[in-house]
Structures are given as structure tokens and as C-alpha cells.
Amino acid sequence: MIYAKVKGQHIDVCADPVYSDSVNFLSLKLDLSKEWNGYEVTAVFKGEGGKNISAIFNEESGFYIGDNTYLVPYEVIKVPSFSFSLIGTKENSRITTNAAEVRVAESGYAQGEAPGEPTISEYEQLVNLYQSAINIAQSVRNDADNGLFKGDKGDKGDKGDNGKDGINGTDGKDGIDGKDYILTEADKTEIANMVLDIMPNGDEVNY
């Protein structure tokens, strides 16, 4: 493992012996000072023969293995050494560091054996992060559609106080005096028939 203590723009490196040709094994543990808080960190690795690889260092990247530790791209782990530097970006601010060198000794790996899969490019890393964000957003939307975020029904609230009495309305206008009703002939006939119906002895009443 490589230990990198970063204070501001300077990297101090302490490393266990590093041997060439390992794949997805050599790791880099970062200890960043407070100046790096809130910055997106990218590591730039430079190997022999001009081999340069940029790796996004965050918890969603394919390089992260936990505890602020990241895998070193195996393509740069070649004799006699490789170097790495860090770039931090936040809005219109950028932090850079020195290039820290890591010495690499020859391993017993036989020449001509099949290498591992190539490290993905920085563009591919960004695409993977973008797709991961889309998948998470879709998952949250599906959960919401399925009612997983619906809370239990709350308790019934206390009864509110009675409202104040309303203002009395304005008195209505006096109505027009009614006129005496005069019975018509039809009214008289109807009343006479009603009386005949309720009389027990059937006597006629002439009006």
C-alpha cells in the first residue's frame, strides 16, 4: 500500500515495497488536509514511456475500495517508477499538488503472459457515474410511485375553539298588509261537500 499525506499542495509519500505487474492490488490511501474539503479529487498517474491515466477519486468511482483508499491503475506499475499528483476542483477553484514518485522493483511475473483488462478512461468513469446517478433517481421515483414514502395517518387534531358570534344582520323591510280573502262559489261548494262527507247521518246541507 502507498500512504499519501496531503497538506495543502504538497504530497508526502510512504510506501511498502512496490513490485511491477500487479493488477487491481496496489492501493493508495489518502490523508487530505482541510483545504481539500468540498473539492472533487482526480489523481493523475504517469508511468514509464508516457503512459498517463486520470482517475476520479470519490466513493462512487470504480477505484474506491473503502477508508479513503483507491486502487492504482496497473498500467503504470512498471520498473523503475511511476508518479502521481492530485487535482481538486470546486466551482471556479482548483488545487494542484507536486508529482510524488513511487519506486517500482522488478517482479517475478513472466513476460508475455496475458495482461488484465485496461483501466477505464476518465470519460468512461464520468459516464459510469452519470448512469449510476440516473439509476438511483429512477429507483427513488419507482419507490415513490409504489407508495414507499407514504407515512402513517396522523392522529386526529384537537377540536378548535368556537368562533365569535357574527354581527346581526339589518332588519328586513315591513311587508305589505294583506287583503281579506273572499270565498268564491267553488270554495263554498268544496266546503259543503267536505261537511257532507264527515256527517254520520248523511243529512244534506244546502248553502
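**Figure 1. Strands E1 and E3 run parallel to one another.** In this predicted model, E1 (residues 2-7) and E3 (residues 27-32) pair over 5 bridges. Strands here are DSSP runs of at least two residues (E), helices are runs of at least four (H or I), and both are numbered from the N terminus. Two strands count as a pair if DSSP finds at least two bridges between them. If you look for Val-6, its bridge partner in E3 is Leu-32. Residue numbers start from 1 along each chain as its sequence is written, and side-chain values use heavy atoms, with hydrogens and water left out. Since the model is predicted, local features need pLDDT of at least 70 and side-chain atom pairs count only at pLDDT 80 or more, while totals for chains, interfaces and linings use all residues.

**Figure 2. E1 and E2 make a hairpin.** E1 also pairs with E2, this time antiparallel, and 6 bridges join the two. Val-6 turns up again here, standing opposite Ile-11 in E2. Just 2 residues sit between the strands, and Gly-8 in that turn has a positive phi of about 65 degrees.

**Figure 3. E1 has a covered face and an uncovered one.** In a regular strand, side chains alternate between the two faces of the sheet. On the covered face of E1 you'll find Ile-2, Ala-4 and Val-6, and on the uncovered face Tyr-3, Lys-5 and Lys-7. How buried is Ile-2? Its relative accessible area is 1%, where buried means under 20%, exposed means over 50%, and partly exposed is in between (1.4 Å probe, protein chains only). Leaving aside neighbours within four places in sequence, Ile-2 is in contact with a crowd of residues, including Val-13, Leu-26, Leu-28, Val-72, Phe-82, Phe-84 and Val-102; contact means heavy atoms within 4.5 Å. Val-102 is 100 residues away along the chain, yet the C-alpha atoms of Ile-2 and Val-102 are separated by 8.4 Å.

**Figure 4. Lys-5 reaches from E1 to Asp-31 in a salt bridge.** Side chains of opposite charge can pair when their charged atoms come close. For a salt bridge, a side-chain nitrogen of Lys or Arg must be within 4 Å of a carboxyl oxygen of Asp or Glu, and the structure holds 4 of them. The one shown here, between Lys-5 and Asp-31, spans 3.2 Å from N to O. Lys-5 lies in E1 and Asp-31 in E3, so the pair ties together parts that are 26 residues apart in sequence. Lys-5 is exposed at 51% relative accessible area, whereas Asp-31 is partly exposed at 40%.

**Figure 5. Two more salt bridges involve Lys-78 and Lys-29.** Lys-78 pairs with Asp-21, with the closest N and O atoms 3.0 Å apart. Lys-78 is in the loop between E7 (69-71) and E8 (81-90), and Asp-21 is in the loop between E2 (10-15) and E3, so to speak 57 residues apart. Which of the two is buried? Asp-21 is buried, with a relative accessible area of 18%, while Lys-78 is partly exposed at 35%. Lys-29 pairs with Asp-67, with the closest N and O atoms 2.8 Å apart. Lys-29 lies in E3 and Asp-67 in the loop between E6 (64-66) and E7, so this pair ties together parts 38 residues apart in sequence. Lys-29 is partly exposed at 21%, and Asp-67 counts as exposed at 55%.

**Figure 6. Seven aromatic residues are linked into a cluster by ring pairs: Phe-45, Phe-57, Phe-63, Tyr-64, Tyr-70, Phe-82 and Phe-84.** The structure holds 6 aromatic pairs. Rings of Phe, Tyr and Trp (its six-membered ring) pair if their centres lie within 6.5 Å; planes under 30 degrees apart are stacked, over 60 edge-to-face, and the rest tilted. Phe-57 and Phe-63 have ring centres 6.4 Å apart and planes at 55 degrees, so this pair is tilted. Both Phe-57 and Phe-63 are buried.

**Figure 7. The whole protein has 10 strands and 2 helices.** From the N terminus on, the order is β-β-β-β-β-β-β-β-β-β-α-α. Buried residues make up 26% of the 207 residues. Among contacts between residues at least 6 apart in sequence, 65% join residues at least 24 apart.
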